[in-house]
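Thanks for coming. I have one structure to go through today, and I will keep it short. Please have a look at it first.

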Amino acid sequence: MNVSGSRRGALALVVAGALLAVLGCSAQAGSGDPAGHSQDGAASRSAAAEKARHAPVDPCRLLSVADRFSVIGAEKVTGIGAEMEPGDSRLVRCVVTGNDSVAIIYYGYSLVPGRKFAADLRDRADYSGKLITINGVGDEALYLRDTKYGFDAWARKGDYTVFVGSGWFRGDRTTAERLLKTLLDQVTPGMHEHPINVPRTCPSPDSKLVTDAVGQVQYAVGHDRNQKLLCTYAGKRVRVSLSTARSTLKKVARSYSDAQAAPTFGVDESVEFKIVPDSVTSLEPSEYGPWATTYVLKPPLLIRASMSAASDLDDDAEVTFDQAAFRRVNETWVRNRVAKGR
């Protein structure tokens, strides 16, 4: 086809314009796509971050091995797990144990917004050490250096309270301050939003096994790691802890022998009986809270249960323990664990 020069020039302009329009659209689409993906990605990351802020908090993940080492040094660690601090059902702590299952360092947070801790440490300071106010750590921080043994350090930022301490190692103030800051840097709403947080291997907080012992569960925590299972439940006045650990015949026999040789305290006398074959259960019906240990040979297990007072009481009435209910809880727990082999 014969096209004149002027017409060819006009056609070229039309084609060039069309190409520019196409290329322009492509360029806009290309430049807009990454921006769209970027916005979607940012929104997704923001949603994930917000979800993480409200997730349950495992206290044992709050300090690293290096953090713990700065207090306990080369001490051999034999166990790590989450539990409620004895005497206060509102505190969740990670307990790191050493030889003979003694707690060598503990740390954690309060389940309750704005928990006041200053009075607790001041009471202890009256007989066990010197209380020091730490400036520059959160909104409030205290350090208690035991005159003979360990230390306790607490800090608050807004409604969040954290703590770290040891009954065996004298962590210096500088180390305590650093660890408190590490803990405060990780506070999230999830610390207050999950008063009940036990692994699935623990009995349900709504199970008859638990409610018969403590009533309605207000707080619960536990862990299942390294062949050790611990489940603690607190009602309004009573709390119950259930645990089991895989062992060996030698360790089970030694634990039983050590228990027999240990001194007894108070007026209560332990009783021994058999719940399952190839085992012996030792029960102490203490008025301060009954406890029981079952030594199982097949499979080798150490199974424990205890009942104590929940200290979050709004009255001065004395807590009494239903010994029959505790025996039922312990027996059910032992049979359940043996049947499952752990």
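Helix α2, residues 65-72, lies across five strands: β1, β2, β3, β6 and β7. Of these, β3 covers residues 103-110, β6 covers 151-157 and β7 covers 160-166. The helix runs at about 125 degrees to β3. Bear in mind that this is a predicted model.

Now the sheet under discussion. In what order do its strands come? The order is β1-β2-β3-β7-β6-β5-β4, so to read it off the screen, start at β1 and finish at β4. That makes an open sheet of seven strands, and the pairing is antiparallel. Which strands are at the edges? They are β1, residues 79-84, and β4, residues 129-133, and each of them pairs on one side only. From one strand to the next, the twist averages 15 degrees.

Staying with the β1 edge, the partner there is β2, residues 91-97. The two strands pair in the antiparallel sense, over six bridges. If you want a position to find on the screen, G79 stands opposite T97 in β2.

Next, the protein overall. There are eight helices and 15 strands in its secondary structure. How many residues does the protein have, and what percentage is buried? It has 342, and buried residues make up 41% of them. Among contacts with a separation of 6 or more, 54% come from residues 24 or more positions apart. As for the surface, the protein exposes about 18,700 Å², with carbon and sulfur atoms supplying 53% of that area.

That is what I have for today.

Terms used:
Residues are numbered from 1 along each chain as its sequence is written. This is a predicted model: local features need pLDDT of at least 70, side-chain atom pairs count only at pLDDT 80 or more; totals for chains, interfaces and linings use all residues. Side-chain values use heavy atoms; hydrogens and water are left out. Helices (H or I, at least four residues) and strands (E, at least two) are DSSP runs, numbered from the N terminus. Buried means under 20% relative accessible area, exposed over 50%, partly exposed in between (1.4 Å probe, protein chains only). Contact means heavy atoms within 4.5 Å. Accessible areas come from the Shrake-Rupley method with a 1.4 Å probe; for residues, only the protein chains shown count as cover. Axes are lines fitted to C-alpha atoms, for helices over the stretch in contact, and angles run from 0 to 180 degrees between N-to-C directions.
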